[in-house]
Amino acid sequence: MRRLIALFLCWFAVGVHAQQSTLLQNVLNELGNHATVRAAFTQSRENPALAQPQVSQGQLLFVVGHGMLWQVTEPYRETLALTGGRTARIDEQGQSQTVRGGDRGVAQVSQMLQSMLSGKQDDALRQFDIDAQGSLSHWTLRFTPRQERMGRVLRRIELGGDQFLQSIRVEMQNGESTQIRFSETRDAGPLTVLEKRALGMPP
Amino acid sequence: MSGPSPPPRAPHLRAPLFGAALFGTFALAVALLGAWLLFGRGGTPIQTDLLAMLPATERHPLAEAAVERLAHANGDRMVLVVEHANDSEAKDAARDLGKRLVDSKAFASITAELPPFDLDQLLAPYLPHRFHLLTDADRASLTRPDYDPAQALARRLNEPFLAGVGIKLQDDPFGWLQHWLDQQPWSRSPLVPEDDLLTAHRDDRTYVMVIATLRGSSYDDTVQRTGLSALAQAEQTVLQDHPGTHVLRAGAVFHAAEARAGAEHDVHVVGLTSTLGIAVLLLWAFRSPRPLLIAFLSTAIGIVTAITATVLIFGQMHLLTLVFGAALLGEAVDYSIQYLCARANAGATWQAQRGVRQVRPALLLALATSLLGYALLGGVPFPALRQMACFAMVGMLAACLSVFWLLPALLAKPASKPLSPSLVGLARRMQNGAARLGHGRYSWIALALLVLVALPGWWRLGHDDDIHLLISPPADLAREEARIRDITGLGNSSQFYLVHGDSAEQVLQREEALEAHLQTLVQQGRMDSWTGIAGMLPSAQRQQANHAALAPLFADHALMEKQLLHAGLRDNVVAAYLNAWPGQPLSMDAWLAMPVSTPFRYLWMGQSEHGFASIVLPQGQDDANVLRTAAEELPGVELVDKPASISALFGRYRTYASLWLSAALVLVALVFVWRYGRAAPRVIAPPLLGIGLTLTALGYLGEPLTLFHWMALMLVLGVGANYAVFLHEGEPHAAHVPGATYAGVLLSAVTALLSFGLLALSSMPALQHFGITLLLGIGFTALLVPVTRPAREYETV
């Protein structure tokens, strides 16, 4: 009897696993269908060094294969272009100035997100165990670092959404957590010349 | 030329015997000393370090030290990169390889899986210095009048996704230290720790680095062999267990092993083949084993004395010398051949001492021209060539002296048989043919025809001064190293900047000036990056400027506190941060003591008698002209480009060598005019034409001329002059056997061809060029040499 239960559990576990990876695949396929996406975002950050959470708002433009434009409008105005491992600040004239290249923090997470949202999960699977929950119309992907080194810094990343990505939550081991919520998510339509230039795309 | 000598009187006999005994004892002592030097001291004094062959080319004395430092920074270890299309397979293979290498116990240490480390612990030493370390961008914006600390703080606290990894927010609320740390070389490396392995991903393939540190120098024979065999075994098992795995390798030990294997192969081929060939030839010519043994004894004395002298003078012997030494057999044997020919031709009237007197002028003249040729070779400032010249001069001298002092005692009895009649007959036919063509009205037509044929060949001659003449790493090894450089982002380390000054501070300041120029190149996309000390340890002046840029913010303590609190930081965090101001500058000693500086310490050369110096390595640009622009007009900064310097040196000495050859020709011609008077043009013609025809042949073969071709032509002149002298001087003594003297010359030429000519098969380009030139030059000269004596003389005999 116990053997039967064990066997059943094994089968069930395999089933769950298979179901999860199909969900993950379906979610990624769905996300990959939207090559360019615009959304409004609200980011809220808690950190042990902070007495109250930091909240910022703005617009996000995501282009598969090129990166994203992170445009903060509140409480200050700033546009960052996150392309590959590079972070650049874009001024009002559309001139870009490299803030940093190839660092392990923001760039690594943004790179992982970029490849996930492009439907390429190899990079992410190398770095994270991915746990998919829910259904295609309401899903959560939980990323736990597989690398011990990263695990000592980063606790987990959670992505949630439906047809589009609707939220990102980044939890650090030092107690910091960053919650990003998206609204008015939509296919972007044609890009402006300034946007293309900022993302290093051909005009 | 000299008349018949009076018969020797009895008392004279004892002196030569005594001399022979003395010389024999001397030779034996030298041989014993040589054996002890080579084998008696543990470890053979054979130098396999290719770098040791290269000449000093740099004007600044520190540059040579820097070249050596860089070569040996990675010298005594193997860098292995395990490659596989499948990520986990690559990592398993790398772990497996690491374990097997550890188990082999052939290495001092293996770095495959990284030891656990604590990021906080590594970065904590920077905290006391955080107000002295700023990026250029932060310093520039801090000193702008419109700098708004409140907005900078807000930007930092609201960065997308996360507020930085590494330095905690409370220790660095503005992110200045974080920005600076992001620029450190370890943050920029394409290799990232994954699964406790140093990993890179490229084109959907995974690369994992494994470093094996040898138990000694890469150039130590035992260390080399144990290390390489352990690697081969481990690699074989790993490739079997993880199919599809590929292991890339880099390290001096592979080059040293390849060079050693190549040289050993050359020594075997050249040494054995020429020894066998010469033995068969001499047996056939003299039809008796005794002359063969005598000739080899004389040659062996020459070679052994040369080896002993070289090791005594230079402390060790280079591979190149060893291979060249194997080829020298063919020239050293000439002296004894001349003496043996004189004996064979004399028949029953042979008297050993009279024989010596008969060949002495020719041998001395020949020795003088050879020594002259090699002395010119020794004048070139290449350590390897100097050694070869020393080796050759000592060897020839000892071989020649053995003919004068030792051989007469061993060859007191007349020869049992004359020279092989078939050889003499062949020589006579060749000699008559060449002599007939070289005299009378046909001679001018023949000469004109020769020049006509030669002209297009000369026209086609080009030249080549590439460093690969001396060092030619095997193509697949060079490819693997290039791939590893590409994956790991390491520079090629043969081109770098040397920064020097009177103090450590001055060197760092000069490096900062250089980095400003390099930054421009990076922004123009003409370079990827660079690695230098000043990026990790700014000069005191720069740190002072950083501190000064921050000072106004911290001057108003209350305002700063208000801004930090307003931004949302906790009050205890704000208090601790403000208390840390002003901190202290990062000193050289503190930097050197940090664990993170370990991989970069070799870039700091420290103090020497020539002052302080450091090395800056550029990455992603190989064009020396582009690199040189960055160093222009900067005091104390120079680009060191060792390959280019050596190529330039090759080119310079190639030009010198052609001038030297002309000068040597004039010198030899003058000697001949003094000794032979009006016959001189005929004696100088064969070596001169031999050189001319060799150049033609090289032109037709499409071989660009290198320094080594010219060096070999110098030897062709020496050897060719010998043959002309041997024939011209020897003919009157052997007038009763037509063709016998030329047969002796032919014997010399063929032995030289057998040994030097085989160098053309060498794996080292330099020796190969040497070989092909000597092959052509000696061949042509030997064929032309009968024009030395007018044909009429033969016909009247």
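Here are some short exercises, each with a worked solution, on a predicted model with chains A and B.

**Exercise 1. Describe the interface of chain A and chain B, and name its salt bridge.**

Solution. Start with the residues that touch: 42 residues of chain A are in contact with 40 residues of chain B.

Next, turn to area. The size of an interface is often given as the accessible area lost when the parts come together. Here the area buried between chain A and chain B is about 3600 Å², and carbon and sulfur atoms contribute 51% of that area.

Now look for charged pairs. Side chains of opposite charge can pair when their charged atoms come close. Across this interface the rule finds 1 salt bridge. Its partners are B:Arg155 and A:Glu78, with 3.5 Å between the closest N and O atoms. That distance passes the test, because a salt bridge needs the nitrogen within 4 Å of the carboxyl oxygen.

Polar contacts come next: 13 residue pairs across the interface of chain A and chain B qualify, both residues being at pLDDT 80 or more. On the side of chain A that touches chain B, helix H2 (residues 106-117) of chain A gives the largest share, with 4 residues. Sorted by class, that side of chain A has 19 nonpolar, 11 polar and 12 charged residues.

**Exercise 2. Find which strands of chain B are linked by the salt bridge of B:Glu83 and B:Arg205.**

Solution. Over all chains, the structure holds 17 salt bridges. In one of them, the side chains of B:Glu83 and B:Arg205 meet at 2.6 Å, N to O. Place each partner in turn: B:Glu83 is in strand S2 (residues 77-84) of chain B, and B:Arg205 is in strand S6 (residues 205-214) of chain B. The two residues are 122 residues apart, and the pair links distant parts of the chain.

**Exercise 3. Work out which residues and helices line the second largest cavity.**

Solution. Rolling a probe the size of a water molecule over the atoms shows where empty space is left. In this model the count comes to 6 cavities of 30 Å³ or more. The second largest cavity holds about 50 Å³ of space.

List the lining: B:Thr369, B:Leu372, B:Gly373, B:Leu376, B:Ala664, B:Val668, B:Met714, B:Leu717 and B:Gly718.

Then match residues to helices. At least two lining residues come from each of helix H13 (352-378), helix H25 (642-676) and helix H27 (707-730) of chain B. H13(B) gives the most, with 4 residues.

Finally, sort by class: the lining of this cavity has 6 nonpolar, 3 polar and no charged residues.

**Exercise 4. Locate the cis peptide bonds at A:Pro75 and B:Pro582, then examine the phi of A:Glu184.**

Solution. Begin in chain A, where a cis peptide bond joins A:Glu74 and A:Pro75, with omega about 5 degrees. A:Pro75 is in the loop between strand S3 (67-74) and strand S4 (78-83) of chain A.

Move to chain B: the bond from B:Trp581 to B:Pro582 is cis, with omega near 5 degrees. B:Pro582 sits in the loop between helix H22 (571-580) and helix H23 (588-593) of chain B.

End with A:Glu184, which is not a glycine yet has a positive phi of about 50 degrees. A:Glu184 belongs to strand S11 (residues 177-187) of chain A.

Methods
Residues numbered from 1 in each chain as written. Chains lettered and ligands numbered in written order. Predicted model: local features only at pLDDT ≥ 70, side-chain atom pairs only at ≥ 80, totals over all residues. Heavy atoms only, no water. 1 Å grid on protein atoms, 1.4 Å probe; cavity = no way out; pocket = protein on both sides within 12 Å on 5 of 7 lines; lining within 4 Å. Points joined across faces, edges and corners; volume = space filled by probe spheres on them. Nonpolar A, V, L, I, M, F, W, Y, C, P; charged D, E, K, R; others polar. Contact = heavy atoms within 4.5 Å. Buried area = accessible area lost by both parts, 1.4 Å probe. Polar contact = N/O pair within 3.5 Å; in protein donor to acceptor, adjacent residues only side chain to side chain.
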